[in-house]
Amino acid sequence: MAATGPGDSPRARFADLGAAGRTLVMGIVNVTPDSFSDGGRWLQPEVAVAHARLLRAQGADVLDIGGESTRPGSERVPVDVELERVLPVVRELAAEGAVVSVDTVHAETADACLSAGAVIVNDVSGGLADPDMFAVVARREAPYVLGHWRGDPATMNERAVYDDVVTEAREELARQLTAARSAGVDPGLVVLDPGLGFAKEGQHNWELLAGLEELQGLGHPVLVGASRKRFLGTLLADPDGAPAPPLARDRATAAVSALVAAAGAWGVRVHEVLGSVDAVRVAAALSRARRSR
Ligand code: PMM
């Protein structure tokens, strides 16, 4: 049983997540018409809440609520529309005691969702999209996922150029970490994310997964979001080269969850929760057995 609940501070709720003693599973609830694998499915608040409840019952430790798709070429959403989508969902789930994160690059959305009971701000832009984000996160003393990013969905594909993606992502994350600290963000509340698929080609994603330890070397917990992403579809392509569709990527997603959990990831962000819950439990059992030998 968690020792903290809805009345406790985001800081305390975040610390409490550590009691799981294993990699955490963050279940994705995209309240959008256009996310790449599930756009439109959970756009009605009641449907989104019901889906989130199911993910929680399946063992998700955190529910990640997003109101703006970040897939390549997707449309930017005004903050009022984003809030209309996510706020009722955040409010309801937080009141039920769920640990909610809000997937947004907008400071105003983050602020409003924290007031509605969200515990974590998940910012794929790592503070680059909105100059006010770090100030809000600092003022609210909110746990913060800082993602590696090189520009919005309209331009990110052309920015996927690296000599060494692990070194460069690490340096760019370190730069944003410094900026966050200067703005007053508590580094003890920051989780890093390599931003798979954000200005990354398939090979870059694999290299980042292989280089997880180097990112962990920055001294922060690391969250991995591989779920249903295109590089898994490419890996699982049929003999004619047609990529596996998003819904056929869940087993591979769970395999990634097991492997990054074994590598010490803080969390995995996934659409299909059951497979990853089993995967992180397998990894935890193996690591306990290793320690007891
Ligand atoms: N990927 C997406 C959206 N939000 N957040 C984090 N922290 N990490 C990610 O990799 C990430 C994210 C895009 O995937 P989706 O459209 O399926 O949510």
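**Entry 1: helix α10**

The expected span of a helix is 1.5 Å times one less than its number of residues. I wanted that rule at hand before looking at helix α10 in this predicted model. Helix α10 covers residues 250-262, which is 13 residues. From its first C-alpha to its last I find 18 Å, close to the 18 Å expected.

Next I asked myself: which residues of α10 are buried? My list reads D250, A252, T253, A254, V256, S257, V260 and A261. A general point helps me here: an α-helix has 3.6 residues a turn, so residues three or four places apart point the same way. I then looked up what covers these buried residues of α10, and the cover includes α7 (202-210), α8 (212-216) and α9 (230-235). Strands β7 and β8 (267-270) are also part of the cover, as is helix α11 (273-292). Just after α10 I stopped at G264, where phi is positive, at about 95°.

**Entry 2: the order of the sheet**

I moved on to the strands. In what order do the eight strands of the open sheet lie? I read β6-β5-β4-β3-β2-β1-β8-β7, with parallel pairing. At the edges I find β6 and β7 (223-224), each of which pairs on one side only. A reminder to myself: strands of a sheet pair through backbone hydrogen bonds, either parallel or antiparallel.

I then walked along part of the sheet, pair by pair.

- Strand β3 (residues 100-103) runs parallel to strand β4 (residues 120-123), and three bridges join them. Here V102 is opposite V121.
- β4 and β5 are also parallel, again with three bridges. N122 has V145 in β5 as its bridge partner. Between these two strands the chain passes through helix α5 (residues 133-140), in a right-handed β-α-β crossover.
- β5 (residues 144-147) and β6 are parallel too, over four bridges. Y144 is opposite V190, and V145 has V191 as its bridge partner. With helix α6 (residues 165-182), these two strands form a right-handed β-α-β unit.

**Entry 3: which way the side chains point**

In a regular strand the side chains alternate between the two faces of the sheet. I checked two strands for this. In β5, Y144 and L146 point one way, while V145 and G147 point the other way. In β6 (residues 190-193), V190 and L192 go one way and V191 and D193 the other. Are these residues of β6 buried or exposed? All four are buried, and I noted that the listed residues of β5 are buried as well.

**Entry 4: the ligand**

How many residues surround the ligand? I get 14, and the closest are N122, D193, K229, R269 and H271. D193 is familiar from strand β6, and N122 is the bridge partner of V145.

I looked up three atom pairs. A polar side-chain atom of D193 is 2.8 Å from a nitrogen atom of the ligand. The side chain of K229 has an N or O atom 2.7 Å from an oxygen atom of the ligand. For N30, a side-chain N or O atom is 3.2 Å from a ligand oxygen atom.

**Entry 5: three loop residues**

T104 sits in the loop between β3 and α4 (107-115). Why do I call T104 buried? Its relative accessibility is 2%, and buried means under 20%. Apart from neighbours within four places in sequence, T104 is in contact with E82, T109, A110, N122, D123 and M133. So N122 turns up in my notes once more, as a contact of T104.

D186 is in the loop between α6 and β6. I class D186 as partly exposed because its relative accessibility is 28%, and partly exposed runs between 20% and 50%. Where does the side chain of D186 reach? I traced it to the backbone nitrogen of G188, at 2.7 Å. D186 and E141 are 45 residues apart along the chain, yet their C-alpha atoms are separated by 7.1 Å.

T155 belongs to the loop between β5 and α6. With a relative accessible area of 22%, T155 is partly exposed. Its side chain makes a polar contact with the side chain of R159, at 3.3 Å. I also looked up T155 and A283: they are 128 residues apart in sequence, and their C-alpha atoms are 37 Å apart in space.

Technical notes: Residues are numbered from 1 along each chain as its sequence is written. This is a predicted model: local features need pLDDT of at least 70, side-chain atom pairs count only at pLDDT 80 or more; totals for chains, interfaces and linings use all residues. Side-chain values use heavy atoms; hydrogens and water are left out. Buried means under 20% relative accessible area, exposed over 50%, partly exposed in between (1.4 Å probe, protein chains only). Two strands pair if DSSP finds at least two bridges between them. A crossover is right-handed if, with the strands pointing away from the viewer, the path from the first strand over the helix to the second runs clockwise. Contact means heavy atoms within 4.5 Å. A residue is near a molecule or strand if one of its heavy atoms lies within 4 Å of it. A polar contact is a pair of N or O atoms within 3.5 Å; within protein, one must be able to donate a hydrogen and the other to accept it, and residues adjacent in sequence count only if both atoms are side-chain atoms.
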